[in-house]
Amino acid sequence: MRLSELDPLIPLTELREELLKLPKGYSFYEEELVDFLSRRRWPESHRRIDRTTFWRWRNDNGIEHQKVFSRLDILKLCQICDHYRVDGTRNEYLAIMKKKKEVVLNK
């Protein structure tokens with residue numbers, strides 16, 4: 001499967017289901033992922049996410065991979081992309097991620 005075959009605005013739950021159909025260990029290359037995220041971020045235009053933004057999104061989600069990304073990485077990056085598409089801020093996103101970590105640690 002190629003990400004370019006999917007509707008860029010596919011809901012995360014449906015995207016997760018599509019990704020789960022792939023063989024374990026299946027991965028995607030950075031270029032394909034950036035193209036998909038760019039279409040998801042700005043569906044009405046041909047704008048492209050720059051490298052700095054992509055690296056920041058990666059770092060904000062604790063993704064250390066450089067060129068190849070897992071299914072979970074894609075879901076995390078789509079989540080942050082959706083946050084920015086609805087005019088969310090970085091501080092808001094980092095606060096959400098901090099709360100999620102606290103909930104996991106308190107269990």
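This is a guided tour of a predicted model, moving from one helix to its salt bridges, then to the nonpolar core and finally to a buried arginine.

Because the model is predicted, local features need pLDDT of at least 70 and side-chain atom pairs count only at pLDDT 80 or more, while totals for chains, interfaces and linings use all residues. Residues are numbered from 1 along each chain as its sequence is written, and side-chain values use heavy atoms, with hydrogens and water left out.

**Stop one: helix α2**

Select residues 30-41, which form helix α2; helices (H or I, at least four residues) and strands (E, at least two) are DSSP runs, numbered from the N terminus. The 12 residues of α2 reach 16 Å from the first C-alpha to the last, close to the 16 Å expected at 1.5 Å a residue, where the expected span is 1.5 Å times one less than the number of residues.

Colour the helix by accessibility, and 9 of its 12 residues turn out to be buried; buried means under 20% relative accessible area, exposed over 50%, and partly exposed in between (1.4 Å probe, protein chains only). Among the buried residues are Glu30, Leu33, Phe36, Leu37 and Arg41. Show the surroundings next, since the buried residues of α2 pack against α1 (12-20), β1 (28-29), α3 (51-60), β2 (68-69) and α4 (71-85).

**Stop two: charges at Glu30 and Glu31**

A search of the whole structure finds 8 salt bridges, each being a side-chain nitrogen of Lys or Arg within 4 Å of a carboxyl oxygen of Asp or Glu. Select Glu30, which is buried with a relative accessible area of 5%, and then bring in Arg51, whose salt bridge with Glu30 has its closest N and O atoms 3.1 Å apart. Arg51 lies in helix α3 and Glu30 in helix α2, so this pair ties together parts that are 21 residues apart in sequence.

Add Lys67, which also forms a salt bridge with Glu30, the closest N and O atoms being 3.6 Å apart. Lys67 sits in the loop between α3 and β2, so its pairing with Glu30 in helix α2 ties together parts that are 37 residues apart in sequence. With these three side chains on screen, a network of salt bridges linking Glu30, Arg51 and Lys67 is in view; Arg51 is partly exposed at 42% relative accessibility, and Lys67 is partly exposed at 47%.

Move to Glu31, which forms a salt bridge with Arg48 at 2.6 Å between the closest N and O atoms. Glu31 is partly exposed, with a relative accessible area of 46%.

**Stop three: the nonpolar core**

The largest nonpolar core has 26 residues, and those with the most contacts inside it are Leu15, Leu33, Leu37, Phe54, Trp57 and Ile74; such a core is a set of buried Ala, Val, Leu, Ile, Met, Phe, Trp, Tyr and Cys residues joined through side-chain atoms within 4.5 Å. Helix α4 gives the most to this core, with 7 residues.

Centre on Leu15, which, not counting residues up to four places away in sequence, touches Leu6, Ile10, Phe36, Ile74, Leu75 and Cys78; contact means heavy atoms within 4.5 Å.

**Stop four: Arg71**

Finish at Arg71 in helix α4. Arg71 is buried yet has no salt bridge, and the nearest side chain of opposite charge, Asp73, is 9.9 Å away; Lys and Arg count as positive and Asp and Glu as negative, with His and the chain ends not counted. The side chain of Arg71 does reach the backbone oxygen of Leu19 at 3.2 Å. Leaving aside neighbours within four places in sequence, Arg71 has contacts that include Leu20, Pro23 and Tyr26.

Key. A polar contact is a pair of N or O atoms within 3.5 Å; within protein, one must be able to donate a hydrogen and the other to accept it, and residues adjacent in sequence count only if both atoms are side-chain atoms.
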